[in-house]
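Trainee: Could we take a close look at a single part of this structure, the packing of one pair of helices? Please include the residues around that packing.

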Amino acid sequence: METTNTDKTIERRVTETVLERKSEVLTLDGVDYPLAPPTLATIIMTSELAATLPKINPESEDLLHEVLRSARHCRTLGKITAVLILGAKRVEENRLVPRREGLVKTRSYFSRIFRSARQKHANRNMISEVDRLAEIVLSELAPATLNAILTRRLVDMQIADFFALTTSLTTANQIKPTREVDKATVSGE
């Protein structure tokens, strides 16, 4: 029996798209996201987000307990993935997109008082593109698929080249002069 593209799970299609590089577009929840080219700004933004992740002890005797203890603080993984897919330039554009149905958050009493009815109605169903993609990543992708996407995107970001560049520049900054320069010689006396 032949399977069609619609028979494939969303995870399988994502994995095929990213790992087999069939195209430079990732489709999630019916929306095409062109994969951003590597930029320093994307690496920096990803680093800032990664710094907010909780510390996890990989040498823990009880890995299940360790993961369950810290998983509630790992929503940032969705945003990291979204940034790596969209790229810093597109994230900084602050594009608003319609919120997924069923995900409209209620606002507090005080925030409702201070917003005009028109603003509240117009903005209620809109969300930043990066936040929407992060929600989709967290709710639709299996951990193995997320791991494959993150790994592939990090390789695409040319992290080794960024590391070599920053290491080279910081090393050059730390080089001390090899000989003392006489103050009289410098002043011209």
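Mentor: The following account treats one helix pair and then two individual residues. This is a predicted model, in which local features need pLDDT of at least 70 and side-chain atom pairs count only at pLDDT 80 or more, while totals for chains, interfaces and linings use all residues. Residues are numbered from 1 along each chain as its sequence is written, and side-chain values use heavy atoms, with hydrogens and water left out.

Two packed helices are described by the angle between their axes and the distance between the axes. Helix H4 (residues 76–86) packs against helix H8 (residues 129–140) at about 120 degrees, and their axes lie 8 Å apart. H4 is therefore oblique to H8 (angles under 35 degrees count as roughly parallel, over 145 as roughly antiparallel, 65 to 115 as roughly perpendicular and the rest as oblique). The contact (heavy atoms within 4.5 Å) brings Gly78, Lys79, Thr81, Ala82, Val83, Ile85 and Leu86 of H4 to Glu129, Val130, Asp131, Leu133, Ala134, Val137 and Leu138 of H8. By class, these residues comprise 9 nonpolar, 2 polar and 3 charged (Ala, Val, Leu, Ile, Met, Phe, Trp, Tyr, Cys and Pro count as nonpolar, Asp, Glu, Lys and Arg as charged, and the others, Gly among them, as polar).

Threonine 46 belongs to helix H2 (residues 40–50). Threonine 46 touches Ile80, Val83 and Leu84, leaving aside residues up to four places away in sequence. With a relative accessible area of 9%, threonine 46 is buried (under 20%; exposed means over 50%, with a 1.4 Å probe and protein chains only).

Asparagine 94, in the loop between helix H5 (88–92) and strand E3 (96–98), is exposed at 56%. The C-alpha atoms of asparagine 94 and glutamate 129 are separated by 7.1 Å, although the two are 35 residues apart along the chain.

Definitions and conventions. Axes are lines fitted to C-alpha atoms, for helices over the stretch in contact, and angles run from 0 to 180 degrees between N-to-C directions. Helices (H or I, at least four residues) and strands (E, at least two) are DSSP runs, numbered from the N terminus.
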